[in-house]
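Student: Please take me through a close look at a single part of this model, beginning with one residue and working outward from there. I would like one connected account.

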Amino acid sequence: EESSRLGLKLRSLRSFFMYLNQLEEKGYIERTREDRGIRLKELTSNMFVNIPILGMANAGTALSFADEYVEGYLKVSRKIVKSSKNVFAVQISGTSMNKAFVEGKTIEDGDFVLVNGEVKEYKTGDKVLVVIDGLATVKTFRSVDGRNIVLLPESTDPKHKAIFLTAEDNFVLNGKVIDVLKLG
């Protein structure tokens, strides 16, 4: 009765307490002991980190430029990324990695990938951001013999081919893909 007067459509008092528990677990409210009340917690910046977006990376051939300037920021929960130190985002363009899994999610056209730029040692199977002759791409890393590497697509489209690189080629491994953020 009281809940409907306040514009709340609750089936039971129990569902009301379930909602309160969820809000408390997510850090939006805290319950006060002295008057059995509820206080809204200020959504402090320590709940989120700002991840800079550094352009686009192609999940196809290395076509898109890897820009060195920040295009904007993604506000990401600290439950996803503990620290923003050396972590940045790039938006994916293309389908060459749509069968690759990172944290249980595929890398689809339009997704943002989070890249840890601090990683300098790569293992076979790591998803990496590579800049080749100034152009960015995301692929699966494989070391051939300690000097040469192969960047493999993982795609439903057979047109995507492996990229073979030697130590003499003009490329930089910019970091390891650590997560995928989907917009839809």
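**Around Val115**

Tutor: Leaving aside its neighbours within four places in sequence, Val115 makes contact with Asn86, Val87, Phe88, Val90, Leu129, Asn174, Gly175, Lys176, Val177 and Ile178. Please keep in mind that this is a predicted model.

Let's place the residue first. Val115 falls within strand 9 (112-116), and the protein chain has 14 strands alongside 2 helices. Several of the contact partners belong to other strands: Val90 falls within strand 6 (87-93), Leu129 within strand 10 (127-132) and Val177 within strand 14 (171-181). Across the protein chain, 60% of the contacts between residues at least 6 apart in sequence join residues at least 24 apart.

Now look inward. Val115 is one of the residues with the most contacts inside the largest nonpolar core, together with Val90, Ile107, Val113, Leu129 and Val138. That core has 16 residues. At least two of its residues come from each of strand 6, strand 9, strand 10, strand 11 (135-143) and strand 14. Strand 6 gives the most, with 3 residues. For the chain as a whole, 39% of the 184 residues count as buried.

Next, follow the contact list to Asn86, a partner of Val115. Asn86 sits in the loop between strand 5 and strand 6. Its phi is positive, about 60 degrees, although Asn86 is not a glycine. Asn86 counts as partly exposed because its relative accessible area is 39%.

Two other partners of Val115, Val87 and Ile178, lead us to a pocket. Both help line the second largest pocket, along with Ile80, Val81, Lys82, Ser83, Lys85, Glu103, Leu114, Asn116, Glu118 and Asp179. Strand 9 and strand 14 are the elements that give two or more residues to this lining. About 150 Å³ of space lies in the pocket, and its lining divides into 5 nonpolar, 2 polar and 5 charged residues.

Two of the lining residues deserve a visit of their own. Lys82 is in the loop between strand 5 (72-77) and strand 6. With a relative accessibility of 62%, over the 50% cut-off, Lys82 counts as exposed. The C-alpha atom of Lys82 is separated by 9.7 Å from that of Met47, which is 35 residues away along the chain. Glu103, for its part, is found in the loop between strand 7 (101-102) and strand 8 (105-106). Glu103 has a positive phi, near 55 degrees, in a residue other than glycine. Its relative accessibility is 60%, so Glu103 counts as exposed.

One more partner from the opening list, Lys176, takes us to Lys123. Leaving aside neighbours within four places in sequence, Lys123 is in contact with Phe141 and Lys176. Lys123 lies in the loop between strand 9 and strand 10, and at 54% relative accessibility it counts as exposed. Lys123 and Thr140 are 17 residues apart in sequence, with 9.6 Å between their C-alpha atoms.

To step back to the whole surface, the protein chain exposes about 11700 Å², of which carbon and sulfur atoms supply 53%. In your viewer, you can return to Val115 and trace both routes again: inward to the core, where Val115 is among the residues with the most contacts, and along its contacts Val87 and Ile178 to the pocket that those two residues help line.

Conventions
Residues numbered from 1 in each chain as written. Predicted model: local features only at pLDDT ≥ 70, side-chain atom pairs only at ≥ 80, totals over all residues. Heavy atoms only, no water. Helix = DSSP H or I, 4+ residues; strand = E, 2+ residues; numbered from the N terminus. Buried < 20%, exposed > 50% of the residue type's maximum accessible area, 1.4 Å probe, protein only. Contact = heavy atoms within 4.5 Å. Areas by Shrake-Rupley, 256 points an atom, 1.4 Å probe, with all protein chains shown as cover. Core = buried A, V, L, I, M, F, W, Y, C linked by side-chain atoms within 4.5 Å. 1 Å grid on protein atoms, 1.4 Å probe; cavity = no way out; pocket = protein on both sides within 12 Å on 5 of 7 lines; lining within 4 Å. Points joined across faces, edges and corners; volume = space filled by probe spheres on them. Nonpolar A, V, L, I, M, F, W, Y, C, P; charged D, E, K, R; others polar.
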